[in-house]
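Where does this protein leave empty space inside? Take a look at the model, then read on.

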Amino acid sequence: MRRILFLIAASLTMLLCSAETHYKPHITIGAKGGVSMAQMSFSPSVKQSFNMGSCGAVTVRYTEEKLFGIIAELGWTTRGWKENFEEAPLNYSRSLTYINLPILTHIYFGSRRFKTFVNLGPQFAYMIGSSINSDFDYANPGSVSGFPSNRQTEQMKLDISNRFDYGICASIGFEFYVQPRHSVVLEGRYYYGLGNIFPSRKADYFSASRNMNIEITLGYNFRLK
């Protein structure tokens with residue numbers, strides 16, 4: 001599945017690069033911000049709920065007047081996870097802050113005033129911060145009164161072994177042009193990481209510890225030309 005997604009992104013990018021430029025190209029810069037809702041893909045699995053955080057980026061977009069374009073962004077996002085203890089009155093969350101660089105194929109359609117778009121492509125990221133919020137001694141959960149039995153706890157105290165992350169992201173959104181050069185963008189994006197934050201050799205506890213997150217952002221774009 002991962003190979004198929006990469007092939008799709010590569011094919012769309014090649015199509016963009018090889019397209020004949022019958023239309024005047026546009027270069028647009030912008031900025032956006034919003035909320036991030038993150039979980040981890042653990043194997044063995046861990047009961048989780050969404051870890052809420054912030055995200056934002058500056059963007060550069062090159063488009064043809066019809067259908068295709070490419071977007072590069074430089075921004076930050078909050079990832080990580082929040083443990084789901086169900087009925088137990090306990091709290092643990094781990095927030096991971098990343099600087100990220102997505103390079104996306106941009107496919108759009110609509111009128112001059114209102115457009116719908118789909119973005120797809122790879123994303124690279126580097127962790128610049130990590131924090132834990134807990135109301136119990138997660139290093140020694142066996143001493144905590146009421147702690148759920150038969151629950152995995154290794155992920156709570158393991159150190160991050162890999163700060164670099166990469167994966168694939170896809171988004172859908174809407175762009176409304178206030179004026180020919182000014183627009184407002186609403187976008188929903190999903191990211192699935194392909195790298196592990198914890199060691200994943202055969203002798204290690206987790207065979208997978210991958211980032212997943214959803215971002216909802218609102219942005220402003222200005223067309224330079």
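The largest cavity has a lining of 16 residues. Thr-59, Ile-71, Val-185, Glu-187 and Asn-221 lie nearest its centre. Six elements need a look here. β1 (26-43), β3 (51-63), β4 (68-83), β6 (114-134), β8 (182-193) and β9 (208-223) each give two or more residues to the lining of the largest cavity. Keep in mind that this is a predicted model.

How many cavities of 30 Å³ or more does a search of the whole structure find? The search finds two. Rolling a probe the size of a water molecule over the atoms shows where empty space is left.

Here are the two side by side.

| Cavity | Volume | Nonpolar lining residues | Polar lining residues | Charged lining residues |
|---|---|---|---|---|
| Largest | about 160 Å³ | five residues | six residues | five residues |
| Second largest | about 50 Å³ | four residues | four residues | four residues |

Now turn to the second largest cavity. Which residues line it? From the nonpolar class come Cys-55, Ala-57, Trp-76 and Pro-102. The charged ones are Lys-32, Glu-73, Arg-189 and Glu-215. Gly-56, Asn-100, Gln-123 and Thr-217 make up the polar part of this lining.

Which elements give two or more residues to the lining of the second largest cavity? They are β3, β4, β5 (92-110) and β9. The most comes from β3, with three residues.

β3, β4 and β9 also give two or more residues to the lining of the largest cavity.

Key:
Residues numbered from 1 in each chain as written. Predicted model: local features only at pLDDT ≥ 70, side-chain atom pairs only at ≥ 80, totals over all residues. Heavy atoms only, no water. 1 Å grid on protein atoms, 1.4 Å probe; cavity = no way out; pocket = protein on both sides within 12 Å on 5 of 7 lines; lining within 4 Å. Points joined across faces, edges and corners; volume = space filled by probe spheres on them. Helix = DSSP H or I, 4+ residues; strand = E, 2+ residues; numbered from the N terminus.
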